[in-house]
Amino acid sequence: MEAIRPTSGSTSGPAGANASGVRSEAAADATQGRPPQLTPVAPTPGAAAPLRRGLARVDHQLQGDVASAQQALDFLEQVAGQLQALKGELSAKLSSRRGDSGAIEAHLRQLGATMDKRRQSSGGSVDARLNFSSPQPASQRFRIKGLNLDMLTAGAGQSLSFSVGSNTQPLTVAVDPSMTRDEIVVRFDRALAPANMRVSADGSGALVFSTPETAWPMVRDSLSIQGVGRVAVEADTDIVMPQQWGASNADALRQSLHEVVQTLAQVQRSQQAASQALSAAASRAAANQPAAADIEVMAQDFADTASTPNYESLLALTSALVGISRERVLALLGLH
């Protein structure tokens with residue numbers, strides 16, 4: 001709109017009449033208690049408008065699902081190749097062929113280094129046991145020392161109140177002798193779900209807890225039971241740890257080969273699960289393909305905004321690109 005400027009002295013002609021009219025209308029509004037009626041200002045030429053619209057039919061969860069599955073497949077393929085190489089060296093050494101102890105140690109170090117970068121390389125979708133997990137993040141399993149079904153079903157009923165981190169509201173689990181073991185597990189699972197913990201039981205009757213790997217340090221360092229205080233938690237040892245595999249003698253070689261064969265089987269199961277997840281994501285992408293016209297509008301809108309180097313353009317572009325990583329873009333491009 002035309003800017004309103006203060007004037008001094010008398011003004012003649014149409015411009016003066018217009019300014020006088022504006023002052024008169026504003027004064028009348030003020031006198032009658034009405035807010036001044038102002039005309040919206042037109043955009044400054046050259047200023048970038050916010051991005052007009054995105055793609056309404058985009059499945060936003062799709063990007064995360066594709067990225068996690070693709071990163072998991074890339075990581076698992078790397079692990080599978082290293083395991084196959086290690087298997088070959090171990091088999092050759094055990095069969096008294098030209099197995100090289102130095103090569104075995106080198107393969108073990110390489111595999112250990114790969115596993116150390118597991119969380120980053122897999123996008124958080126492969127846990128320490130090499131299980132693929134998506135869309136839920138990879139989890140850490142643990143046990144609370146002394147907490148098992150035998151203890152919970154012995155004697156009178158009891159009530160346990162758990163606290164985690166800064167959570168000041170205890171989560172209480174009430175158990176009575178009439179409950180079955182399965183019912184006790186279900187009750188623990190439901191009660192601790194708000195603290196992002198899940199509960200199951202192993203074959204020996206011990207309660208097995210799990211929490212996202214990102215939350216594990218806090219749980220490990222702060223989990224407490226009212227009346228008991230901090231409890232001792234034991235991380236699941238059923239994980240892949242090449243650093244503990246050896247090649248010092250025939251027994252160590254056979255044990256290492258056994259570990260490699262089992263781990264390869266697990267990797268293959270996870271590869272299959274990740275491939276299925278990626279196929280499902282591809283199907284969703286095909287079913288929700290935006291119209292070509294919508295894509296063209298958004299692309300032109302993005303180009304127009306990017307061509308204007310100012311703060312408004314930068315703000316619009318960064319807002320549109322939040323959460324879009326290089327890995328996600330490559331994973332999505334890989335679907336085509």
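**View 1. Who lines the largest cavity?** The lining of the largest cavity mixes 2 nonpolar, 2 polar and 4 charged residues (Ala, Val, Leu, Ile, Met, Phe, Trp, Tyr, Cys and Pro count as nonpolar, Asp, Glu, Lys and Arg as charged, the others, Gly among them, as polar). Those residues are Asp-127, Ala-128, Arg-129, Ser-139, Gln-140, Arg-141, Asp-236 and Ile-239. A cavity here is a set of points on a 1 Å grid, over the protein atoms alone, where a 1.4 Å probe fits but cannot get out, and lining residues have an atom within 4 Å of a point. Its volume is about 50 Å³, meaning the space filled by probe spheres set on the points, which are joined across faces, edges and corners.

Before you zoom in further: this is a predicted model, where local features need pLDDT of at least 70, side-chain atom pairs count only at pLDDT 80 or more, and totals for chains, interfaces and linings use all residues. Residues are numbered from 1 along each chain as its sequence is written, and side-chain values use heavy atoms, leaving out hydrogens and water.

**View 2. Helix α6 and its cover.** Helix α6 runs over residues 181–192 (helices are DSSP runs of H or I, at least four residues; strands are runs of E, at least two; both are numbered from the N terminus). Ile-184, Val-185, Phe-188, Asp-189, Ala-191 and Leu-192 are its buried residues, with under 20% relative accessible area (1.4 Å probe, protein chains only). Their cover includes α5 and β2.

**View 3. β2 and its partners.** β2 and β3 run antiparallel, joined by 5 bridges; pairing takes at least two DSSP bridges. Gln-158 has Val-175 in β3 as its bridge partner. Phe-162 is bridged to Ile-225 in β6.

Terms used:
1 Å grid on protein atoms, 1.4 Å probe; cavity = no way out; pocket = protein on both sides within 12 Å on 5 of 7 lines; lining within 4 Å. Expected span 1.5 Å × (residues − 1). Buried < 20%, exposed > 50% of the residue type's maximum accessible area, 1.4 Å probe, protein only. Contact = heavy atoms within 4.5 Å.
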